[in-house]
Amino acid sequence: MNSVRTLVKTRETWRSAATGLALALLAATGQVHAQADSASHPGLLRDINTLRQQGCDGQPGKAAPLRENAALSAAAARLSGGDRLEEALKAAGYRAVSGAQIVLRGPDHATQLTRASLGKSCSLITQANLTEAGFHQQAAQTWIVVAAPFSAPGAAQADDVRSHVLALVNEARARPRRCGTEFFAATRPLRFSAKLQAAAAAHAADMARHNYFDHVGRDGKHVSDRASSSGYNWRRIGENIAAGQTQAETAMRNWLDSPEHCANVMSPDYTEMGSAFAVNNSSRAGIYWVQVFGSAR
């Protein structure tokens with residue numbers, strides 16, 4: 001699940017808002033009948049990748065070829081036993097950002113994938129964000145699982161990601177923007193603040209470690225407390241948080257699509273920013289993002 005929340009605090013006023021933005025796990029099932037004499041895994045993968053090049057509407061496709069993944073094949077085997085897609089992926093140890101399943105019905109070793117045979121499932125299997133596939137055959141049925149794996153940035157990339165988030169924020173601030181019903185003129189870029197970055201990193205790490213998603217820390221502290229603890233003498237402070245997005249661009253796009261988060265990004269009252277992310281593959285969201293905006297006294 002992908003989620004975002006925002007919080008703004010000043011010495012005089014308090015504003016808090018939460019908006020859930022979810023990228024749902026796809027689980028659509030289609031059925032096609034046997035049309036040819038090849039149902040081996042290489043044959044099915046070849047057919048899928050041909051369709052990803054051809055597209056489903058007669059126009060050339062833009063999707064890159066899929067790779068076969070053993071964990072997805074294990075998940076496909078679990079589907080044949082009655083598991084739901086999300087359960088099967090979890091049991092196979094595969095964390096997916098998005099995924100889909102297709103069931104082929106027909107004589108064993110006699111299935112071919114074409115635009116006509118797949119019907120509505122053709123657009124499902126040619127989604128550009130999917131990168132891997134797995135297969136399982138049993139009697140006259142074949143289960144196919146296609147997915148995009150959860151692939152978060154590593155700790156070694158933290159400085160580069162932080163710089164990139166600041167660049168994305170300043171790119172947004174350089175142009176006029178409407179955040180819901182509120183209009184913001186283009187405004188000055190934000191400067192990096194090591195103290196705000198420390199506040200952001202502490203909260204991101206705590207959410208990831210303890211598997212929660214909230215502006216209020218487990219110790220009951222808010223962004224204003226965390227900024228003060230980092231030595232930032234603030235006049236105005238604000239915070240955006242997000243969870244589940246594996247790329248900074250996705251988190252930023254979600255923030256800009258939400259009026260409250262967008263207002264934090266565009267506010268001319270802020271002069272500095274720090275940001276951080278933290279990853280815990282065993283947590284519900286997997287990755288947690290924090291932006292802290294401030295203006296010092």
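**View A. Asp83 and its partner Arg78.** Asp83 comes out as partly exposed, at 22% relative accessible area. That is just a computed value on a predicted model, as is everything in these views. The side chain of Asp83 meets that of Arg78 in a salt bridge, with 2.8 Å from N to O. Arg78 is partly exposed as well, with a relative accessibility of 40%. Searching the whole structure turns up seven salt bridges, and the Asp83 and Arg78 pair is one of them.

**View B. Arg191 and Glu272, a salt bridge between two strands.** Here the N to O distance is 3.8 Å. Arg191 sits in strand S9 (residues 191-192) and Glu272 in strand S11 (residues 272-279), so this pair ties together parts of the chain that are 81 residues apart in sequence. How buried or exposed are the two ends, Arg191 and Glu272? Arg191 is partly exposed at 48% relative accessibility, while Glu272 is buried at 13%.

**View C. Arg236 reaching Asp269.** The side chains of Arg236 and Asp269 also meet in a salt bridge, at 3.8 Å from N to O. Arg236 belongs to strand S10 (residues 234-243) and Asp269 to the loop between helix H10 (259-266) and S11, so the pair ties together parts that are 33 residues apart in sequence. On the Arg236 side, relative accessibility is 15%, which counts as buried. On the Asp269 side, it is 36%, which counts as partly exposed.

**View D. Arg173, a buried charge with no salt bridge.** Now for an arginine without a salt bridge: Arg173 is buried, and the nearest side chain of opposite charge, Asp269, is 8.6 Å away. A salt bridge needs a nitrogen within 4 Å of a carboxyl oxygen. Asp269 is the residue that pairs with Arg236 in View C. Arg173 is placed in helix H6 (residues 158-173). What does Arg173 touch, not counting residues up to four places away in sequence? One run of contacts is Ala186, Thr187, Arg188, Pro189 and Leu190. The others are Val265, Met266, Ser267, Pro268 and Tyr270.

**View E. Ala276 in strand S11.** This alanine lies in strand S11 and is buried, at 11% relative accessibility. Setting aside neighbours within four places in sequence, Ala276 is in contact with Gln197, Ala200, Ala201 and Ala204, and also with Tyr288, Trp289 and Val290. Worth a look too is Val161: its C-alpha is 8.1 Å from that of Ala276, although 115 residues separate the two in sequence.

**View F. Phe277 and Trp289, a tilted aromatic pair.** The structure holds two aromatic pairs. One of them joins Phe277 to Trp289, with ring centres 5.4 Å apart, 40° between the planes, and a tilted arrangement. Phe277 comes from strand S11 and Trp289 from strand S12 (residues 287-296), so to speak two distant parts of the chain linked across 12 residues. Both Phe277 and Trp289 are buried. Trp289 is also among the contacts of Ala276 in View E.

**View G. Two arginines over phenylalanine rings.** In the first case, Arg95 lies over the face of Phe150, at 5.0 Å from the ring centre. In the other, Arg162 lies over the face of Phe192, at 4.1 Å from the ring centre.

Conventions:
Residues are numbered from 1 along each chain as its sequence is written. This is a predicted model: local features need pLDDT of at least 70, side-chain atom pairs count only at pLDDT 80 or more; totals for chains, interfaces and linings use all residues. Side-chain values use heavy atoms; hydrogens and water are left out. Helices (H or I, at least four residues) and strands (E, at least two) are DSSP runs, numbered from the N terminus. Buried means under 20% relative accessible area, exposed over 50%, partly exposed in between (1.4 Å probe, protein chains only). Lys and Arg count as positive and Asp and Glu as negative; His and the chain ends are not counted. Contact means heavy atoms within 4.5 Å. Rings of Phe, Tyr and Trp (its six-membered ring) pair if their centres lie within 6.5 Å; planes under 30 degrees apart count as stacked, over 60 as edge-to-face and the rest as tilted. A charge sits over a ring if NZ of Lys or CZ of Arg is within 6 Å of the ring centre and within 35 degrees of the ring normal.
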